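This report describes one protein model, beginning with a single helix and then turning to other local features and to the chain as a whole. The sequence and the structure are shown below.

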Amino acid sequence: MKTVSPVRRMVHDLLALEYAMARKFALTLIAFALALAGQAAIAADLRIGLAADVTSIDPHQVNIAPNNAVAWHVFDALTHVDADTRLVPGLATSWRAIDGTTWEFKLRRGVKFHDGSDFSAEDVVFSMDRAAELGARGGQFAQFVKPIVSKQIVDPFTIRFKTATPYAMVPYDLNSIYIVSRKAAAGAGTEDFNSGKAAIGTGPFRLAAFKRGDRVELLRNDAYWGSADAKGTAWDKVSLRILPSDPARTAALLSGDVDAIENIPTADAARLKSNAAFRLEQKVSWRTIFFQLDQYRDAPPGVTDKSGRPLAKNPFKDVRVREAIAMAINRQAIVSRTMEGFALPAGNIVAPPVFGYDNSVKPAAYDAEGARKLLAAAGYPDGFSIVLAAPNNRYVNDDQVAQVVAQMLARAGIAVSRVETHPAATYFTKARNGDFAFAMLGWGSFAGDLALRTLLATISAEKGHGAWNWGHYSNAKIDQLVVQSLASVDAVKREAAAREAMGMAMRDYAVIPVHHQIASWAMKKSIAYVPRTDEFTFAHQFRQQ
């Protein structure tokens with residue numbers, strides 16, 4: 001057996017100790033570096049340039065996409081929607097139809113509001129009741145709870161809803177009812193939400209500040225329950241900058257003032273795409289741009305003969321006039337030139353991927369001469385004059401589209417005395433008040449029957465129908481088909497009824513579809529975003545690369 005001298009053993013032990021200490025030090029440095037990296041990731045801020053104004057944080061007041069997009073950061077609903085508009089669990093983990101008029105929802109356990117209080121079925125009932133009550137005072141979410149005639153809390157995490165008649169859309173409608181804290185929101189008004197006092201939700205972020213016309217500041221909710229599309233958000237602080245001006249939005253991204261923007265200005269798309277510092281994402285949107293026509297007043301505002309005198313009757317009540325308007329619009333020119341390829345010509349009020357889209361209805365073919373002949377047949381050989389109204393900061397190139405459509409109508413014999421545009425906040429108020437007879441609107445929906453219910457069903461506050469039917473269009477057969485479709489739990493039968501209603505409305509030129517938008521985002525190369533059909537921009541779905 002070989003022996004080792006004491007000196008050699010001592011040297012060996014010293015070397016081993018030195019190695020162990022060095023290794024421990026190195027591991028400590030690595031752990032420290034990783035901790036710093038992790039801390040940096042968690043502490044990262046995200047700044048996003050929004051393309052439209054946010055008018056309120058109250059989630060039960062004004063049903064417009066910019067407000068709803070912000071609401072999803074602070075609040076939750078029972079059901080969520082994924083990037084392809086498929087319904088997925090939210091604050092409810094499951095739901096089922098017990099019978100034709102009873103739906104049962106199982107609620108997620110362990111969810112906390114931002115103030116630390118527990119979420120339960122009582123908050124769901126409170127939120128639904130609040131939406132209904134505000135509806136009587138101008139709130140726009142009452143239609144989503146109208147079909148529900150009673151609510152039963154089985155236990156703190158089980159709730160049942162009864163409808164008067166079979167109704168298959170309860171899970172879809174409740175996607176639009178944001179759940180607020182009963183404790184924080186009892187007796188609260190819109191200003192209490194805007195100030196943050198009542199804006200206590202269960203969403204991935206807490207409201208830090210709302211500065212109307214400027215920004216919404218958000219702070220990470222570390223107690224967020226997390227969903228498949230939001231868990232693990234890296235952003236500690238988020239600033240949603242309101243930048244409705246296209247040049248200003250692009251400039252903010254290029255200068256580094258924001259990290260991402262929505263609604264890429266079409267004029268800047270090529271420049272951003274060729275810049276290696278940025279990433280672009282886009283997807284066919286569910287949003288359709290169309291024109292609503294006043295079909296209920298005898299003398300709608302702004303509609304006159306070409307000398308400015310009142311007409312004997314409302315020309316929009318004549319389907320031949322409405323068809324002439326559809327024929328006067330060159331959709332392909334709008335798509336290729338005005339929208340620079342960021343759109344598709346529209347013949348339906350829902351986009352091609354959406355449930356209930358009627359393939360048999362094609363976009364109206366451009367035919368200015370044919371439009372003139374139809375106007376003459378309807379009793380307007382010399383045409384007439386209108387005021388064309390549109391927002392100027394809500395949809396992609398909305399004011400430009402309005403100007404182009406005005407020129408196209410003039411070639412067909414309909415003079416546009418003026419194109420009247422307003423910021424979205426002013427525009428929608430005026431439109432709902434009936435100030436316009438020919439007005440642009442954009443809409444996105446899960447399904448054709450849901451869109452028809454809101455946009456073209458005969459206005460009925462009792463039924464919650466026609467909430468955005470500015471033109472007061474009414475067709476009893478379409479109403480019947482929409483009700484039939486929404487009541488059906490058989491998807492095949494439901495879609496058949498929805499398509500029939502859509503085809504009937506479009507062939508009657510109830511509204512004039514122009515194009516389906518293509519949603520787009522641009523961002524720093526270091527972050528990524530999965531584009532969404534619903535066009536929503538969600539901070540919690542941006543990821544660091």
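A residue is called buried when its relative accessible area is under 20%. The model discussed here is predicted.

**Helix 15**

By that criterion, the buried residues of helix 15 are Ile-478, Asp-479, Leu-481, Val-482, Ser-485 and Leu-486. These residues lie on the same side of helix 15, because the arc they cover around the axis is only 165°. Among the elements that cover them are helix 14 (448-455) and helix 16 (491-507).

Helix 15 itself runs over residues 476-487, twelve residues in total. From the first C-alpha to the last, helix 15 reaches 17 Å, close to the 16 Å expected at 1.5 Å a residue. The N-terminal end of helix 15 is capped by Asn-475, which places a side-chain oxygen 3.0 Å from the backbone nitrogen of Lys-477.

**Phe-428**

A further residue to consider is Phe-428, located in helix 13 (residues 424-432). Is Phe-428 buried or exposed? Its relative accessibility is 7%, and therefore Phe-428 counts as buried. When neighbours within four places in sequence are left aside, the residues in contact with Phe-428 are Arg-394, Tyr-395, Leu-441, Trp-468 and Trp-470. Phe-446 follows at a separation of 18 residues in sequence from Phe-428, and the C-alpha atoms of the two are 22 Å apart in space.

**A strand hairpin**

Strand 6 (residues 148-155) pairs with strand 7 (residues 158-163) in the antiparallel sense, and six bridges are found over this pairing. The two strands form a hairpin, with two residues between strand 6 and strand 7. Within this pairing, Ser-150 of the hairpin stands opposite Lys-162 in strand 7.

**The protein as a whole**

The following table collects overall values for the chain.

| Property | Value |
|---|---|
| Secondary structure elements | 16 helices and 19 strands |
| Box filled by the C-alpha atoms, along the principal axes | roughly 120 × 55 × 45 Å |
| Buried share of the 545 residues | 56% |
| Accessible surface | about 23,000 Å² |

Carbon and sulfur atoms account for 54% of the accessible surface. Of the contacts between residues at least 6 apart in sequence, 70% join residues at least 24 apart.

Notes: Residues are numbered from 1 along each chain as its sequence is written. This is a predicted model: local features need pLDDT of at least 70, side-chain atom pairs count only at pLDDT 80 or more; totals for chains, interfaces and linings use all residues. Side-chain values use heavy atoms; hydrogens and water are left out. Helices (H or I, at least four residues) and strands (E, at least two) are DSSP runs, numbered from the N terminus. The expected span of a helix is 1.5 Å times one less than its number of residues. Buried means under 20% relative accessible area, exposed over 50%, partly exposed in between (1.4 Å probe, protein chains only). The arc is that of the directions from the helix axis to the C-beta atoms. Contact means heavy atoms within 4.5 Å. A polar contact is a pair of N or O atoms within 3.5 Å; within protein, one must be able to donate a hydrogen and the other to accept it, and residues adjacent in sequence count only if both atoms are side-chain atoms. Accessible areas come from the Shrake-Rupley method with a 1.4 Å probe; for residues, only the protein chains shown count as cover. Two strands pair if DSSP finds at least two bridges between them.
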